[in-house]
Amino acid sequence: MTSDTGSTVTPNPWQQLSEHTDARIGLGRAGGSLPTAPHLAFQLAHAQARDAVHLPLDTEEMMSTLESRFESVVRLHSQASDRSEYLRHPDLGRQLSDESLEQLSAMNIEQCDLSITVVDGLSARAIHEHAAMLLDHLIPAFESRGWSVGPVALVEQGRVAIGDPMGEALGARMGLVLIGERPGLSSPDSLGVYFTWKPQSGRRDSERNCISNIRPRGQSFEAASRLVLYLLDEASRRELSGVELKDDSVVDSELGDGSQGNFLLPRDQAS
């Protein structure tokens, strides 16, 4: 059966909305199945997500990127020896290797306000493409607040919790982990940021705050950096993180200076 236009594809009235979202809506149908084009697009997205998981971190390039922004950068590794072991044994990605612990202990480390750990996670692509952009928004704010930043760690085969022993070794008041998130079928390049007050080994997931889907087609770098800074400022004042530290900001796109992204303000300042 064909539509009034003579096409074998029956259109969907939601199709025009697909211009505004990466979600798979309004795909139409050919008989009882997907049309060929969206079916092939789905297969491509699935392949891109799988590739993002297995893409190795370009450590040389990332070290150069981080060294251009920070005074001290250290390259570390989790207890997962390779990608296969990392995917099969998640716990190994949460712990630093013995060599990395020895490397940290050999450094003359002073206490700092903030530790930053950059981790490949499940999408090295997200780190390659977005980590530097987010840091460029955050670093001036760190400097303006007078926060000291310890040696920045680039960690291979790591998961979120690996930022805890790093922050603990630095005696950091606050810890940030930038990590490649699990790829979705429309977001193989999603960057996540996790914040922990006084990071130390054994912290629970409930003791962290997460900002997710940071990428050009997701949450903008401007909006994400404002939320990161809001959480850091609130944590510095209240000395806590996780479920007890709520995102009590509001989104107000009319209070900005014309730059891209939403503005996140405490509710008492946005009224």
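The lining of the largest pocket in this predicted model is made up, by class, of 7 charged, 6 nonpolar and 3 polar residues. The pocket itself holds about 380 Å³ of space. The protein around it has 8 helices and 8 strands, and 46% of its 271 residues are buried.

**Pockets**

- The largest pocket is lined by 16 residues, and those nearest its centre are Arg94, Arg159, Val160, Ile179 and Tyr194.
- The second largest pocket encloses about 320 Å³.
- Lining this second pocket are 19 residues, with Asp22, Ala23, Arg24, Leu27 and Ala41 closest to its centre.
- Sorted by class, the lining of the second largest pocket contains 8 nonpolar, 6 polar and 5 charged residues.

**Nonpolar cores**

- The largest nonpolar core consists of 42 residues, and the ones with the most contacts inside it are Ile116, Leu134, Phe142, Phe195 and Leu232.
- Three helices are listed among the elements that give two or more residues to this core: H2 (59-67), H5 (124-144) and H7 (221-238).
- The strands that also give two or more residues are E2 (114-119), E3 (152-156), E4 (174-180), E5 (191-197) and E6 (208-214).
- Helix H5 contributes the most to the largest core, with 10 residues.
- A second core, separate from the largest one, has 15 residues, including Leu96, Val119, Ala172 and Ile179.
- Ile179 also appears among the residues nearest the centre of the largest pocket.

**Contacts of Leu134**

- Apart from neighbours within four places in sequence, Leu134 touches Leu178, Leu191, Val193, Ile214, Phe221, Ala224 and Ser225.
- Leu134 is also one of the residues with the most contacts inside the largest core.

**Asp205**

- Asp205 sits in the loop between E5 and E6.
- Is Asp205 buried or exposed? Asp205 counts as exposed because its relative accessibility is 64%, and the cut-off for exposed is over 50%.
- Asp205 and Val160 are 45 residues apart along the chain, and their C-alpha atoms are separated by 9.0 Å.
- Val160 is one of the residues nearest the centre of the largest pocket.

**The protein as a whole**

- Taking contacts between residues at least 6 apart in sequence, 67% join residues at least 24 apart.
- The protein exposes about 14300 Å² of surface, and carbon and sulfur atoms supply 47% of that area.

Definitions and conventions:
Residues numbered from 1 in each chain as written. Predicted model: local features only at pLDDT ≥ 70, side-chain atom pairs only at ≥ 80, totals over all residues. Heavy atoms only, no water. Core = buried A, V, L, I, M, F, W, Y, C linked by side-chain atoms within 4.5 Å. Buried < 20%, exposed > 50% of the residue type's maximum accessible area, 1.4 Å probe, protein only. Helix = DSSP H or I, 4+ residues; strand = E, 2+ residues; numbered from the N terminus. Contact = heavy atoms within 4.5 Å. 1 Å grid on protein atoms, 1.4 Å probe; cavity = no way out; pocket = protein on both sides within 12 Å on 5 of 7 lines; lining within 4 Å. Points joined across faces, edges and corners; volume = space filled by probe spheres on them. Nonpolar A, V, L, I, M, F, W, Y, C, P; charged D, E, K, R; others polar. Areas by Shrake-Rupley, 256 points an atom, 1.4 Å probe, with all protein chains shown as cover.
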